[in-house]
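Here is a short briefing on one chain. Look over the sequence and the model, then read the points below.

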Amino acid sequence: MLGTTEIIIIAAVILLLFGGSQIPKLMRGIGQGVNAYKKGLAGEEDEDEKKATNSAPQQSKEEAAE
């Protein structure tokens, strides 16, 4: 587990590497990546459910009209 000192050192190194103005852009990019990952996981589950419901026989439009 990381202690307070280690977290402060890591934050200082990131600040030195990226600069103060680049950190918000970096965090925004990380957040978008996490959101895309979560949507991808949810999309896989949705696709599995759609396949299960689409595999059931469906009536054609002509049969439904009768």
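pLDDT is the predictor's confidence in each residue, on a scale from 0 to 100. The chain averages a pLDDT of 79, and 67% of the residues score at least 70. This is a predicted model: local features need pLDDT of at least 70, side-chain atom pairs count only at pLDDT 80 or more, and totals for chains, interfaces and linings use all residues. Residues are numbered from 1 along each chain as its sequence is written, and side-chain values use heavy atoms, with hydrogens and water left out.

**Fold and confidence**
- The chain has three helices and zero strands (DSSP runs numbered from the N terminus: H or I of at least four residues for helices, E of at least two for strands).
- Read from the N terminus, the order is α-α-α.
- Confidence peaks in helix 1 (residues 4-18), at a mean of 90.
- Confidence is lowest in helix 3 (residues 61-65), at a mean of 57.
- Where pLDDT is low, the predicted coordinates should not be read in detail.

**Surface**
- Of the 66 residues, 0% count as buried (under 20% relative accessible area; exposed is over 50%, partly exposed in between; 1.4 Å probe, protein chains only).
- The chain exposes about 6,200 Å² (Shrake-Rupley method, 1.4 Å probe), and carbon and sulfur atoms supply 60% of that area.

**Helix 1**
- The 15 residues of helix 1 should span 21 Å (1.5 Å times one less than the number of residues). The end C-alpha atoms are 21 Å apart, which agrees.
- G19 comes just after helix 1 and takes a positive phi of about 80°.
- I9 lies in helix 1. I9 is partly exposed, at a relative accessible area of 49%.
- L15 is also placed in helix 1. L15 is partly exposed, at 44% relative accessible area.
- Beyond its neighbours within four places in sequence, L15 is in contact (heavy atoms within 4.5 Å) with G20 and I23.
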